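Thanks for coming. I will take a few minutes to walk through one structure, and I will stay with what can be read from the atoms.

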Amino acid sequence: MPEFSSVSILKSSANALEHWYERNKRNMPWRLTKEPYKIWLSEIILQQTRVEQGLPYYLAFLETFPTVHDLAKAEEDTVLRVWQGLGYYNRARNLHKTAKIISKEHKGVFPVTYDSLLLLPGIGPYTAAAISSICYEEEVPVIDGNVQRLISRHFLVEERIDSGAGSKALRSIAESWIQGRTPSRFNQAMMELGALICSPKSPSCETCPLNETCLALREDKVFKLPKKKAKKAVRERHLIYHVHRFKGKTLLVKRGTDDVWAGLYEWPSEECNATAQKKIKKAFAKKQQFEIKHILSHQHIHALFILHLEALPKKVEGGQEVGWNSLDDYPMSRLMTRFLELYLL
DNA sequence: AACTCGGGGGT
DNA sequence: ACCCCAGAGTT
């Protein structure tokens, strides 16, 4: 830790941080409770997800599954259907797994400590720290993207934060900083400041409660931090979807768990390269087609949907006949719902 | 340590 | 286009 971070500086900056938080925090429904079920639910939903995007899902989950037992009793497809559109679908599958463990093995009572929470599916270092500090005031710092950025700037951590040394440095500082604070308030204050003031592209250093002690601001390095490794190129994928529709029926398959959209339903598809896709497009020129380019953070998917209005094929691997009018019951990726919007327009 | 896993919004 | 978001699991 830099020599600058004397105990008195840590204490005064933490005071300023928490004071700012109490005056500027957004009112969000999960801040009105300390029930571990609700805090857990909010933390899983908000992983890699903006508050504005996750909020309606949080409300929908509590409406559909008021208790951890309701969630545990549900079918996985039902859970995925409520999760539909949020992405990272293994989060939903792990959410369901942990609900079953809590409901059955723990009789509905959540573990209390950081170490015991860490054992549950879908709960990693961040989420274990969030639940144990917010619900039970365990003195362990949360380190999410907001906190990484805030600490690397305020304490001038110039190592790459996605390296072992970088994350160790951040954790060491955070553990010192949280000493003697109220963990639930201090942790949420760090995240809130990172989200509202110490933002990636346009930080509001003029109004930041920590601008007197921020080392990056003092050395004019705010926009250089945090440092990360460059990302690798995105994968280009080409998919053909065969949408059969005949006498009110269609044919769906359930995706596996070793690729995107784990456990979601979609029309039978084949993957190919760009030139093969062009040939198939010509071969089915007489049928109605829809082309959609779907952008994921790590894949660019070029999808071609071909509509088949004759009798459904019988020998599709894992295919199941589904009423066209009950498509809404099946969890589907955003790409599938985009197709439906285009087709039914 | 490197890879993979979504979708949406800001810049 | 590129970056990031209340990260975690797998290899």
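**DNA strands, empty spaces and two backbone details**

I start with DNA strand C, which has 26 residues around it; Trp30, Gly122, Thr127, Asn146 and Arg149 come nearest. Of the strand C atoms that come within 4 Å of the protein, sugar and phosphate make up 65%. Before going further, please keep in mind that this is a predicted model.

Three polar contacts on strand C are worth pointing at. Arginine 149 has a side-chain N or O atom 2.4 Å from a phosphate oxygen of DNA strand C. Threonine 127 also reaches a phosphate oxygen of that strand, with an N or O atom of its side chain at 2.6 Å. Tryptophan 30 goes to a base instead: a polar atom of its side chain is 2.8 Å from a base nitrogen of DNA strand C.

Where does the surface near strand C come from? Helix H8, residues 125-136, and H9 each give at least two residues to it. By type, the residues of that surface are 11 nonpolar, nine polar and six charged.

Now the other strand, DNA strand B. There are 25 residues around strand B, and the nearest are Tyr88, Val260, Trp261, His294 and Gln299. Here sugar and phosphate account for 60% of the strand atoms that come within 4 Å of the protein.

Which part of tryptophan 261 contacts a phosphate oxygen of DNA strand B, backbone or side chain? It is a polar backbone atom of tryptophan 261, at a distance of 2.3 Å. Serine 202 uses its side chain, where an N or O atom is 3.4 Å from a phosphate oxygen of DNA strand B. Serine 297 turns to a base: an N or O atom of its side chain is 3.0 Å from a base nitrogen of that strand. The surface near strand B consists of six nonpolar, 12 polar and seven charged residues.

Next, the layout of chain A. The domain assignment splits the chain into domain 1, residues 7-224, and domain 2, residues 235-344. Their C-alpha centres are 36 Å apart. The two domains do touch: eight residues of domain 1 are in contact with 13 residues of domain 2.

With that in place, look again at the residues I named. Tryptophan 30, threonine 127 and arginine 149, with their contacts to DNA strand C, have numbers that fall in the range of domain 1. For DNA strand B, serine 202 falls in the range of domain 1, while tryptophan 261 and serine 297 fall in that of domain 2.

On to empty space. Rolling a probe the size of a water molecule over the atoms shows where space is left. How many cavities of 30 Å³ or more does the structure hold? There is one, with a volume of about 120 Å³. Its lining has 14 residues, and Arg153, Cys198, Cys205, Cys208 and Cys214 lie nearest the centre. Helix H9, residues 145-154, gives the largest share of that lining, with three residues. The cavity lining is made up of 10 nonpolar residues, three polar and one charged.

The second largest pocket holds about 210 Å³ of space. It is lined by 15 residues, with Tyr21, Lys25, Arg31, Lys34 and Gln188 nearest its centre. Helix H1, residues 7-24, and helix H11, residues 183-196, each supply at least two of the lining residues, and H11 has the largest share, with three. Sorted by type, this lining has five nonpolar, four polar and six charged residues.

Last, two backbone details. Most residues other than glycine have a negative phi, and most peptide bonds are trans. Leucine 156 is not a glycine, yet its phi is positive, at about 50°. Leucine 156 sits in the loop between H9 and helix H10, residues 164-177. The peptide bond between leucine 225 and proline 226 is cis, with omega at about -5°. Proline 226 belongs to the loop between helix H12, residues 215-218, and strand E1, residues 235-244.

Notes:
Residues are numbered from 1 along each chain as its sequence is written. Chains are lettered from A and ligands numbered from 1 in the order in which they are written. This is a predicted model: local features need pLDDT of at least 70, side-chain atom pairs count only at pLDDT 80 or more; totals for chains, interfaces and linings use all residues. Side-chain values use heavy atoms; hydrogens and water are left out. On a 1 Å grid over the protein atoms alone, a cavity is a set of points where a 1.4 Å probe fits but cannot get out, and a pocket is an open set with protein on both sides within 12 Å along at least five of seven lines; lining residues have an atom within 4 Å of a point. Grid points are joined across faces, edges and corners, and a volume is the space filled by probe spheres set on the points. Helices (H or I, at least four residues) and strands (E, at least two) are DSSP runs, numbered from the N terminus. Ala, Val, Leu, Ile, Met, Phe, Trp, Tyr, Cys and Pro count as nonpolar, Asp, Glu, Lys and Arg as charged, and the others, Gly among them, as polar. A residue is near a molecule or strand if one of its heavy atoms lies within 4 Å of it. A polar contact is a pair of N or O atoms within 3.5 Å; within protein, one must be able to donate a hydrogen and the other to accept it, and residues adjacent in sequence count only if both atoms are side-chain atoms. Domain bounds come from an automatic or database domain assignment. Contact means heavy atoms within 4.5 Å.
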